[in-house]
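Biologist: I am new to this one and would like the reason behind each label. Could you show it to me first?

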Amino acid sequence: MLLPLALTTALAATLSMSACAQKTDADTSAPAAMSADTAASDRMSSDSMSADRMPADTMGDAVTAGDIVDTASQSPDHSTLVAAVKAADLVGTLQGAGPFTVFAPTNAAFDKLPEGTVDTLLQPENKADLAGILTYHVVSGSVDAATLTDQIKDAGGKAELTTVNGGTLTAEVANGGVKLTDAKGNSAMVTTPDLMASNGVIHVIDAVLLP
């Protein structure tokens, strides 16, 4: 049976209004969804930038960084180094005006030494030997990564660094980073450069260097 003309017209009008209402709702929600996506993207970008600014190593706090000893003491990865500095009575020296450049071995670097070496060096009777090893990791002046790289380039690929104990370290670019070679032919890589302290700069290394 055919619907009366008036009823047919009313149904058509109702369907048309419903379609318009659905379109309006969709149009209204789309900008909100886009805004939410944009805000999330902005947050991710901001978080990524913040992460890029974070140091690769636990040493060094941008807010509380002090002198070299204070900065090293903030790092759980350098507790052996800090203990050695104290045992060698070098705290006062490394808290001095400087500036100093310190190549700082991690705990894992000290663990690479033959078993018992660290315990032996920490004994009071071996204080002079320990001090000699530690000062072999220190260079006078503030030599950041850019300066060190320039020195290597200017020297034709290998730069000789005179350490505080009078010995020399050879620095060169290798495997995408800076490699240091000691007097005995052992080498260490700089794993985290340019940790700034109030009286110098610290470069983290992955092995202990021996004079």
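**Labels and their reasons**

Modeller: Start with Asp 194, which sits in strand 6 (residues 187-197); strands here are DSSP runs of E with at least two residues, helices are runs of H or I with at least four, and both are numbered from the N terminus. This is a predicted model, in which local features need pLDDT of at least 70 and side-chain atom pairs pLDDT 80 or more, while totals for chains, interfaces and linings use all residues. Residues are numbered from 1 along each chain as its sequence is written, and side-chain values use heavy atoms, without hydrogens and water.

Biologist: Why is Asp 194 called partly exposed?

Modeller: Its relative accessible area is 31%. Buried means under 20%, exposed means over 50%, and partly exposed is what lies in between, with a 1.4 Å probe and protein chains only. The value of 31% lies between those limits, so Asp 194 is partly exposed.

Biologist: What makes the phi of Asp 194 worth a remark?

Modeller: Phi of Asp 194 is positive, about 55°, and the residue is not a glycine. Most residues other than glycine have a negative phi. Asn 175 is also a residue other than glycine with a positive phi, near 55°.

Biologist: Where is Asn 175, and is it buried or exposed?

Modeller: Asn 175 is in the loop between strand 4 (168-174) and strand 5 (177-181). Its relative accessible area is 80%, which is over the upper limit, so Asn 175 is exposed.

Biologist: What kind of peptide bond joins Gly 98 and Pro 99?

Modeller: A cis bond, with omega about 0°. Most peptide bonds are trans. Gly 98 lies in the loop between helix 4 (91-94) and strand 1 (100-105), and Pro 99 is in the loop between helix 4 and strand 1 as well. Gly 98 has 40% relative accessibility, which falls between the two limits, so it counts as partly exposed. Its C-alpha is 6.9 Å from that of Gly 141, although 43 residues separate them in sequence.

Biologist: How do you know that His 78 is buried?

Modeller: Its relative accessibility is 0%, under the lower limit, so His 78 counts as buried. His 78 is in the loop between helix 2 (68-73) and helix 3. From His 78 to Val 204 is 126 residues in sequence and 9.3 Å in space, C-alpha to C-alpha.

Biologist: What is Asn 107 in contact with, leaving aside its neighbours within four places in sequence?

Modeller: Pro 76, Asp 77, His 78, Ser 79, Thr 80 and Leu 81; contact means heavy atoms within 4.5 Å. Asn 107 lies in helix 5 (residues 107-111). It has a relative accessible area of 17%, so it is buried by the cut-off above.

Biologist: Why is helix 3 called oblique to helix 7?

Modeller: The axes of helix 3 (residues 79-87) and helix 7 (residues 127-135) come within 9 Å and cross at roughly 125°. Axes are lines fitted to C-alpha atoms over the stretch in contact, and angles run from 0 to 180 degrees between N-to-C directions. Under 35 degrees is roughly parallel, over 145 roughly antiparallel, 65 to 115 roughly perpendicular, and the rest oblique. An angle of roughly 125° is in none of the named ranges, so helix 3 is oblique to helix 7.

Biologist: Which residues make that contact?

Modeller: Leu 81, Ala 84, Val 85 and Ala 87 of helix 3, with Lys 127, Leu 130 and Leu 134 of helix 7. They divide into six nonpolar, no polar and one charged. Ala, Val, Leu, Ile, Met, Phe, Trp, Tyr, Cys and Pro count as nonpolar, Asp, Glu, Lys and Arg as charged, and the others, Gly among them, as polar.

Biologist: What do the buried residues of helix 7 pack against?

Modeller: Helix 3, helix 6 (117-121) and strand 2 (138-140). Those buried residues are Leu 130, Ala 131, Gly 132, Ile 133, Leu 134 and Thr 135.

Biologist: What makes Thr 120 partly exposed?

Modeller: Thr 120, in helix 6, has 45% relative accessibility, between the limits, so it counts as partly exposed. Asn 126, in the loop between helix 6 and helix 7, is in contact with Thr 120 and Leu 121, leaving aside its neighbours within four places in sequence.
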